[in-house]
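Please open the assembly in your viewer with the chains coloured separately, and keep the selection panel at hand. The tour moves from one selection to the next and says what to look for at each stop.

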There are 4 protein chains.
Amino acid sequence: MIVVLKPNTPEEAIEALKKEITSENNVEINHSQGTETTILGLIGETQHVDIHKLRSKGIVEKVLRVQEPYKKASRSFHPKDTIIDVNGAKIGEGFFAVMAGPCSVESEEQLTGIAEAVKASGATFLRGGAFKPRTSPYAFQGLGPAGLELLVKAKKATGLPIVTEVMDISQLAAFDDVDVIQVGARNMQNFTLLKELGHVGKPILLKRGMSATMRDLLMAAEYIMAGGNDDVILCERGIRTFETATRNTLDLSIIPVLKRHTHLPIIIDPSHATGLSWAVESMAKAALAAGADGLMVEVHNDPQKALCDGDQALTPEMFDHIMSQLKRYAQIEEKAI
Amino acid sequence: MIVVLKPNTPEEAIEALKKEITSENNVEINHSQGTETTILGLIGETQHVDIHKLRSKGIVEKVLRVQEPYKKASRSFHPKDTIIDVNGAKIGEGFFAVMAGPCSVESEEQLTGIAEAVKASGATFLRGGAFKPRTSPYAFQGLGPAGLELLVKAKKATGLPIVTEVMDISQLAAFDDVDVIQVGARNMQNFTLLKELGHVGKPILLKRGMSATMRDLLMAAEYIMAGGNDDVILCERGIRTFETATRNTLDLSIIPVLKRHTHLPIIIDPSHATGLSWAVESMAKAALAAGADGLMVEVHNDPQKALCDGDQALTPEMFDHIMSQLKRYAQIEEKAI
Amino acid sequence: MIVVLKPNTPEEAIEALKKEITSENNVEINHSQGTETTILGLIGETQHVDIHKLRSKGIVEKVLRVQEPYKKASRSFHPKDTIIDVNGAKIGEGFFAVMAGPCSVESEEQLTGIAEAVKASGATFLRGGAFKPRTSPYAFQGLGPAGLELLVKAKKATGLPIVTEVMDISQLAAFDDVDVIQVGARNMQNFTLLKELGHVGKPILLKRGMSATMRDLLMAAEYIMAGGNDDVILCERGIRTFETATRNTLDLSIIPVLKRHTHLPIIIDPSHATGLSWAVESMAKAALAAGADGLMVEVHNDPQKALCDGDQALTPEMFDHIMSQLKRYAQIEEKAI
Amino acid sequence: MIVVLKPNTPEEAIEALKKEITSENNVEINHSQGTETTILGLIGETQHVDIHKLRSKGIVEKVLRVQEPYKKASRSFHPKDTIIDVNGAKIGEGFFAVMAGPCSVESEEQLTGIAEAVKASGATFLRGGAFKPRTSPYAFQGLGPAGLELLVKAKKATGLPIVTEVMDISQLAAFDDVDVIQVGARNMQNFTLLKELGHVGKPILLKRGMSATMRDLLMAAEYIMAGGNDDVILCERGIRTFETATRNTLDLSIIPVLKRHTHLPIIIDPSHATGLSWAVESMAKAALAAGADGLMVEVHNDPQKALCDGDQALTPEMFDHIMSQLKRYAQIEEKAI
């Protein structure tokens, strides 16, 4: 962290500031005195330094970050790629995971049918929502705990590990048989929930918020990791921009940049990003080509009757076709799918 | 809601769709048959119609909204401005509320000192955070329940009603003596929390999410109101845009547009929007001039030592100066301040 | 176009509006009268209807578009993919074009060296800037006409057709030997320039503006096409969002959506989009996988000495490696590269 | 400018870089050597340093700006507010200018009628478009030179100085009798045009581009000023964000921030920002309260018949009412209106 002081700051004020900084933080200060400008370089645990406090000081001109404010999520702290193993289904480095299933769990028949179909096409996880964050209070809100039970049944029937979303701490008690707990985009900065998830012994799928920067996303991961849970899977699902031709704008360029900054696996959700079932294939292939570690896609046996987001769901046939394409791409990239 | 069908859709398919729509929704259909285009106009409780499901139909070209998807929050449903009365402190229509206080509650001395100062200058509410949503897990997270107790003490000392943020349902039990419960921007679409707040008998201050459209904001209010709690105060606190010269971009133009669409009061938080203490005066005056029903501003007795967001806090002297300016503006606008 | 009138609009006012619309536009009106709502469906040349004028009418509640406001650029007007042939180098449908070269033309030696290298690796066009739109007036502004001459020399030496940017109508006279004229992102809505380019007999490479929606982009193409020049190549080069980890946010999801709406070819510029040379490979592969018709990438023989945007330029070795990868992808997609 | 080098960079490489920087730029280097990190502080004419080139160096970790890249537009270079005097009509510091008139010049009768009306209400400039940048090639494109003649007639009739937009260098010859030349938002980075305007002896009204940061705007002003023309009036007219309830999002918070960074006057265009005539009053008052130096608003004698943007035009009556309000606000702010 670099602190640029205002020109002609008196020496005593500089010394007082340095004392305050070192007394409150575990950092060393590299003091560089020019004829006009004074620059303080802070080295050490700068993750803990309160940048707003520094900026509020009358003698401070500017504070610039050199190191990122996260640590456990950072690749410089942990250079090797993290591979997350969920009962044998792996995500990260050479392992490309495909999580497929309906937007919301509707019935046993629907869910098991879809689960069997996506497994046959090569999916490695079953996704499905029991608690649904809907924009309208008048829309179908999910089956709740009964939905979780149906997911567990489908898991037993197919052997696929299950991924499903938690919306509130109070629901966590019912997640015992869930394999991967998903945090939705709208909850990415629900810090109370993130802290709690630092203490569950399960991998967390953390979706990027609609207006979260890469740094915000990694700070949210850091919240979970700071609590002791290192198994975080990041998920890009579209950010909010001025463009309305797609529901959100899928930010695939975050993939190579994330790969530089973090060791955590990153998967892509093209269904929510575009909101258009016919655009999913294009984005799924692009995600693999760009270096993603997996996909999360919505598949429904009868999209026109779906209780939730029917316009973005693939049919099992469309999904099967996409999987066959992805396998050819995975070969080029030497990834296991 | 207007449903445009694809050209040359066979009549039976049209009739089947109409039947499906009317069997699932409380709407009437106005069928307009052109030579090529078929347009279905849905009239009635269109708030409950699943637009995604309609869009997933093979014969549907486009679905366009005419009515907004919220009802209780809508001005057409409730033409008169809502005035919220908190122990005599009013917000809405002619009443301009000023909520002032520190970002986070730090100590009894700090809080009571600030509370007395802002009251003397004309603030009508005391704000202060006990549970703090911080971007970094390593930053000060607030005093928690102890902070709430200090707020209650300051309320007793000054008579100012208190506004403070809840981050999770589990904290609500401790909010008995709080007057207005705040939902932060990052929790605006924490639907589980919103539903719960529909059942507390207190006004809710709902902050607009960083990437929430006006419609998203009103749908979040609708969640609370659908549960039976009609006392919702909306708060614009800056949206996320490409501009980094300010922390967020304060969207003051949402004020006149919200006034057209809803009867709920709307206040402005210039402190979080700009992140710059020296920009607060300009934006506070602009908010009043634009038609806002109140302000929420951060005031700290010693910003350079603040445990949270010191760079955006006003000193009591700055706040006093702003209040004297606002009173002159309020006179022109014939608002009680 | 659908015009929803306010409830209880008197019949004479409706008839007057209908008369005004049909007298000024070549459209038919489909009048649908409900008990409360009146809906007018406009069918015909709605591209010419002034939507702002309609919205200014006191009796109009809402105006909704059904058809897009462009025509010549629209796929419904021209269902087959457009293939643009530049001296045998093709772009569109099955032909994947690669335009490579330096950000700015610096010297004959530099340019010809790069041109030969990229040709050897498989590039099909040489790109290079002679007129440079730089953010700072103090930065290198390009060699101007002398740069164009060097491009023509390199074209003669290698046989590669050349693509270069025009910034103003007054420069066009010097573009006689240029094969494809580029319009930069900042000039995408320089309508005077676009109109002029409607009359030159050369293909235009039209870069999407940083805040241009898909519709804005296609309307800019329509400006050129309305003048009689049908050879427009669209180029996505990143849009401006809140994310600063990359220079811009590359919107690859626009590819499948553009393919639905237009017959024009679309290429991707990953160099400007990310501003990061090490992210270009990932995005180049993703672009091909997503369905793009080509790429525009910056290659420099010595990026560390480049007079312009050195941080985003590939070395010839990096470019060669990327091309070998792209050829394998092209095989899967059955595209000629 | 601060250049952070990678850890363990060998001394020779550091010295070579320092030599390169000082040989190409008029700066001094403040070398600060820590145990691990090396920081180079560049002081002097850093406006001319190529930041991209520095970032392309293999040994460079990060480059951070301390000073802004503009100079003539900067308040640190010119601390006193600039006041622009146009035949006695002043803009800046204590002078609040009101530029009013139709979106496009349509006829002599229309223009002179509006000009007289707005003058009577207190407008100090007449605005009106002769060359119109329309999104659609099929929309009315303005009267061109004939429109300029009508503006000059109205100027003679009323004495109001005129402001009108230039879209291309080739049109400038006809601007002899124009008092203030406007550059539209879509041309803000038409650098060829900006350079030319550096050599005309007239004030330039520079509109902020829809996705221009404050820095981009000031760099565009710098282009004009670098050519010798110091009379630049900045105009905020809404930026493009995800919010569609208003046409653009009016960024009023840029006012106090611009006032810190530049000495140039800044005016606000609420008509284009909101696109809603009924929202103009609210935003006009807010602009004055926020510290703006003036307004640009659209007024039309018959908005329902306007050839351009009728939905955002005020009637003369609405304008007169707003002016009476603004005069009361101006009194508080001690501004001449």
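## A sheet in chain D

Begin by selecting His31(D) together with Leu40(D), the residue of strand E3(D) that serves as the bridge partner of His31(D). Bear in mind, here and at every later stop, that this is a predicted model.

Widen the selection to the two strands concerned, E2(D) and E3(D), the latter covering residues 38-44, and you will find them paired in the antiparallel sense over 7 bridges. Adding the remaining strands shows an open sheet of 4 strands in chain D, which runs in the order E2-E3-E1-E4 with antiparallel pairing. Which strands stand at the edges of this sheet? They are E2 (27-33) and E4 (60-64) of chain D, and because each has a single partner strand, one side of each is left without a neighbour in the sheet. Ignoring direction, the average turn between neighbouring strands of this sheet is 20°.

Next, select helix H1(D), residues 11-24, which packs on the sheet and touches E1 (2-5), E2 and E3 of chain D. If you compare directions, that of H1(D) makes about 160° with that of E2(D).

## Domains of chain A

Move to chain A and colour residues 2-64 as domain 1 and residues 84-332 as domain 2, following the domain assignment. The centres of these two domains of chain A, taken over C-alpha atoms, are separated by 43 Å.

## Chains A and B

Now display chain B beside chain A, and superpose the former on the latter: a turn of 180° with a shift of 0.0 Å along the axis lays chain B on chain A with an RMSD of 0.0 Å. That is the relation of a two-fold axis. To find a place by this axis, select Ser211(B), whose C-alpha is the nearest to the axis in chain B, at 2.9 Å. The copies meet through the same surface, because 100% of the interface residues of chain B are also interface residues in chain A.

## Chains A and C

For the last stop, show chain C with chain A, where 32 residues of chain C are in contact with 32 residues of chain A. On the chain C side of this contact, the elements that give two or more residues are H7 (254-261), H8 (270-274), H9 (280-290) and H10 (316-332) of chain C. Select H9(C) in particular, since the largest share of that side, 6 residues, comes from this helix. Colouring the side of chain C that touches chain A by residue class gives 18 nonpolar, 10 polar and 4 charged residues.

Key: Residues are numbered from 1 along each chain as its sequence is written. Chains are lettered from A and ligands numbered from 1 in the order in which they are written. This is a predicted model: local features need pLDDT of at least 70, side-chain atom pairs count only at pLDDT 80 or more; totals for chains, interfaces and linings use all residues. Domain bounds come from an automatic or database domain assignment. Copies are superposed by least squares on the C-alpha atoms of residues with pLDDT of at least 70 in both. Two residues are in contact if their C-beta atoms, placed from the backbone, lie within 7 Å. Two strands pair if DSSP finds at least two bridges between them. Axes are lines fitted to C-alpha atoms, for helices over the stretch in contact, and angles run from 0 to 180 degrees between N-to-C directions. Ala, Val, Leu, Ile, Met, Phe, Trp, Tyr, Cys and Pro count as nonpolar, Asp, Glu, Lys and Arg as charged, and the others, Gly among them, as polar.
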